[in-house]
Structure formats: C-alpha cells, structure tokens
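Me: Hey, can you walk me through this structure? I'd like to start with the ligand.

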Amino acid sequence: DQRHKFWETQPVGQFKDIGNPTLPEGPIEPPTPLSEVKQEPYNLPNLYEWVTCDIHDEQMCDEIYTLLANNYVEDDENMFRFNYSKEFLRWALQPPGYFTAWHIGVRVKTSKKMVAFITGIPARIRVRDEVVNMAEINFLCVHKKLRTKRLAPVMIKEVTRRVHLENIWQAAYTAGVILPTPVATCQYWHRSLNPKKLIDVGFSRLGARMTMSRTIKLYKLPESTVTPGFRKMEIHDVPAVTRLIRNYLSQFIVAPDFDENDVEHWLLPRENVVDSYLVESPETHEVTDFCSFYTLPSSILGNPNYSTLKAAYSFYNVSTATPLLQLMNDALIVAKQKDYDVFNALDVMQNESFLKELKFGPGDGKLHYYLYNYRVRHALKSSELGLVLL
Ligand SMILES: COc1cc([C@H]2SCC(=O)N2Cc2ccccc2)c(Br)cc1O
C-alpha cells in the first residue's frame with residue numbers, strides 16, 4: 001500500500017532485514033554533507049503553504065490547539081480524542097535547545113487556515129552505550145477533510161530536512177500503527193479512579209456479577225499517601241533527582257540521557273501539565289524515590305453528560321528504598337485527590353511489576369516505538385525501554 005511505498009524509501013529497519021545478524025547496530029546511512037542537504041522546503045500541493053509555528057505566540061498556539069483538539073488521534077471506535085492543552089503543548093515543544101523551525105504547520109494560502117502540523121524536538125537518547133543526538137517527532141496531524149491528499153509523507157520529509165540542517169541524523173517516534181520496523185511494541189494499561197464516569201462514557205463496563213457500588217468500592221483509594229517523606233518535587237531537588245533518574249535509566253537499552261537542565265524542564269511540577277513527587281528520607285534527608293505523571297485530557301465524543309476525561313499518564317518513576325508498588329499507589333492516591341478519572345501507564349520499564357496488583361486493566365491500544373536511521377539488532381521487550389514520549 002502507499003504507506004509502505006513511502007517507508008521503503010526511508011532509512012529505517014526494513015521488514016526484509018529482520019533477523020539478519022550481519023547488519024550492525026547503529027546508523028543505517030551516514031550524515032549528508034550540509035551543503036548537499038536540500039536548502040529549500042519541499043513542495044506542497046498548490047493550495048497550501050508551510051508556516052513555521054512560534055508556539056509561544058498566543059494566537060498561533062490557539063490555532064495549533066484547535067487543529068489538534070478537532071483532528072488528532074482518536075481510539076478505534078471514535079469515542080475519544082486527545083485534547084492536549086495549550087500549556088502542555090508549550091511544555092512539550094520548548095525543551096532545552098528546541099528549534100522553532102521544527103514546529104511546522106501547513107495552512108491554506110488563501111484563508112490562512114491551519115490544516116496540518118508536525119513537530120520535532122531535540123533529545124539525547126542512549127541506545128545501549130551510544131548516546132545519540134536525535135529529534136523526537138510528534139503531533140503529526142492532518143485535518144480530517146484532507147486525509148486523502150498524501151500530505152503526511154511530504155510533512156515527514158520536510159521535518160527530516162529541517163532536522164538534517166541542524167546536523168541531526170536520527171529520530172525517535174511512536175505510532176499506534178505498524179510501520180517498518182518497530183523497535184519495541186508496548187501496551188497501554190488503565191487504572192480506574194472514577195469508575196462510575198468511565199462506565200457512563202463507555203470506556204469501562206460493569207464486571208459480571210458486579211454492582212456499581214461494588215465496583216466503586218473495588219477501586220477506592222486511601223484519602224492520603226502512605227509513604228513517610230513523600231512530597232512534591234521542588235527546584236532545589238533537581239540535582240538529586242537527576243542523579244537518581246540517570247542511575248535508574250542506565251539499566252534500560254533505550255533511554256533519555258537527561259542532564260539537570262532536562263530534568264528541570266521535564267520533571268519539575270507544572271500545574272495541569274506535569275506532577276512529580278519524591279521521597280525524602282525523614283532520617284537522612286536523602287532523596288530515595290521519585291514518581292511523576294503528565295496530564296493529557298481526552299475529549300469524549302458524543303456523550304450527553306460528559307465532554308472531557310481527565311487522564312494522568314505515568315511518566316518517569318524511580319524506586320530505590322520505597323517498593324515501586326507502594327510508590328505508584330501513592331501516585332494513584334494523589335491523582336485521585338486531584339480528581340483524575342483514569343491513570344494510564346505503558347508496560348515499559350518496571351511498570352509490569354505493579355500494573356495488575358494496583359488494579360490496572362489492559363487497554364485496546366498498542367504503542368509501537370520507532371527509530372529513524374538507526375538499526376537496533378533485534379526488537380526490544382517493552383521492559384527494556386526507558387523512554388516515554390508525550
Ligand atoms: C479507548 O482506549 C484507549 C484510548 C487511548 C487514546 S486514543 C484517543 C484517546 O483519547 N486516548 C486516551 C484515552 C481515552 C480513554 C481512556 C483512556 C485513554 C489510549 Br492511549 C489507550 C486506550 O486503551
């Protein structure tokens with residue numbers, strides 16, 4: 001089909017190469033001399049033009065928010081659609097060292113209406129012992145009415161060209177669909193916090209021989225956290241949290257190579273965007289554990305009583321003294337206190353060790369991770385992945 005036609009032209013692991021032990025791990029193609037990188041943008045179909053999006057600009061941010069809120073990812077049954085907030089988009093797209101040129105919109109020349117979007121952000125990602133400068137590609141969105149115009153391939157080529165101009169030759173991205181060739185395939189799990197609402201909107205179903213009140217009781221959580229020394233992360237914790245998370249992530253085959261600037265950006269609490277907590281030992285004042293989740297609501301499509309689902313997504317968690325089970329239960333307790341309806345987690349890192357026990361149920365969505373222009377000897381188990389993309 002057309003999709004594989006495009007990906008067969010790209011430096012990505014090809015299905016035909018699976019299991020070929022002679023192919024080395026690492027870049028598939030060498031960098032192109034900067035003088036040979038195409039200097040001008042790729043051609044769009046006539047009616048459309050590229051626009052570089054300054055996400056800091058209120059009006060531009062509004063246009064991007066609205067495009068995504070109406071046209072971004074839905075579940076297979078079109079019951080829900082991601083509803084990234086404006087403050088979340090500003091956080092997600094302005095990490096240390098970001099390039100405005102990598103926030104690319106497509107708009108109609110005449111009406112100036114934004115009809116498509118794709119982004120890249122720079123990230124240092126370690127693959128085994130190699131730290132690679134990559135672009136994390138995200139928010140690929142084409143307006144529902146323009147889906148048959150084959151805009152996505154030219155948008156992917158354009159963001160790749162702009163990434164190449166910054167001398168970066170690898171990328172990481174995720175998708176709900178199978179493309180050549182997944183580095184890892186993960187499963188989403190969900191922990192009900194507001195089971196009545198989740199059943200009312202059709203996400204969950206009442207279990208057999210279960211009443212609503214029995215279901216509410218099943219998911220009930222304590223009013224307050226149980227771990228002594230459990231508190232919100234603050235700016236002065238950045239050095240300790242950086243040490244803790246760098247050490248923890250070193251056990252995974254693919255993981256971000258966070259420095260203190262990255263930790264300050266990605267893990268310091270931001271209201272309605274990202275929450276992070278740590279355990280400071282009351283005796284030694286050492287920071288021994290960390291947990292975090294980000295806030296990504298979903299629009300509920302066509303329900304008369306509810307319009308939005310408040311969802312928390314497990315981000316990075318580290319346990320060295322507090323059992324991970326207890327740490328994550330405290331995260332659930334805090335999320336319930338803040339009125340989240342559901343707490344979502346991928347089966348990456350050590351998450352599998354707590355999912356069933358904390359009453360998570362498997363979702364219907366799989367998430368495939370991909371690397372561009374970097375071959376990994378063989379697909380990873382999700383527990384070998386230490387990378388969470390937004
Ligand atoms: C519907 O089952 C799932 C849907 C989603 C995504 S697709 C569009 C959307 O909004 N989602 C977030 C959401 C919506 C509802 C519940 C939990 C998460 C994910 Br990710 C995993 C699921 O299993």
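Reply: Sure. A polar contact here is a pair of N or O atoms within 3.5 Å; within protein, one must be able to donate a hydrogen and the other to accept it, and residues adjacent in sequence count only if both atoms are side-chain atoms. The model is predicted, so local features need pLDDT of at least 70 and side-chain atom pairs pLDDT 80 or more, while totals for chains, interfaces and linings use all residues. Residues are numbered from 1 along each chain as its sequence is written, and side-chain values use heavy atoms, without hydrogens or water.

Me: OK, how far is the side chain of Asp-364 from an oxygen atom of the ligand?

Reply: An N or O atom in that Asp-364 side chain is 3.3 Å from a ligand oxygen. For His-190, a polar side-chain atom lies 2.6 Å from an oxygen atom of the ligand.

Me: And how much of the ligand does the protein cover?

Reply: The protein covers 94% of the 480 Å² of accessible area the ligand has on its own (Shrake-Rupley method, 1.4 Å probe).

Me: Switching topic: are Ala-311 and Tyr-313 in strand S14 buried or exposed?

Reply: Buried, meaning under 20% relative accessible area (1.4 Å probe, protein chains only). Ala-312 and Ser-314 on the other side of S14 (residues 311-314) are buried too. Strands are DSSP runs of E with at least two residues, numbered from the N terminus.

Me: Which residue of S16 does Tyr-313 stand opposite?

Reply: Asn-344. S14 and S16 (residues 342-346) pair in the parallel sense over three bridges; pairing takes at least two DSSP bridges.

How values were computed:
Buried means under 20% relative accessible area, exposed over 50%, partly exposed in between (1.4 Å probe, protein chains only). Helices (H or I, at least four residues) and strands (E, at least two) are DSSP runs, numbered from the N terminus.
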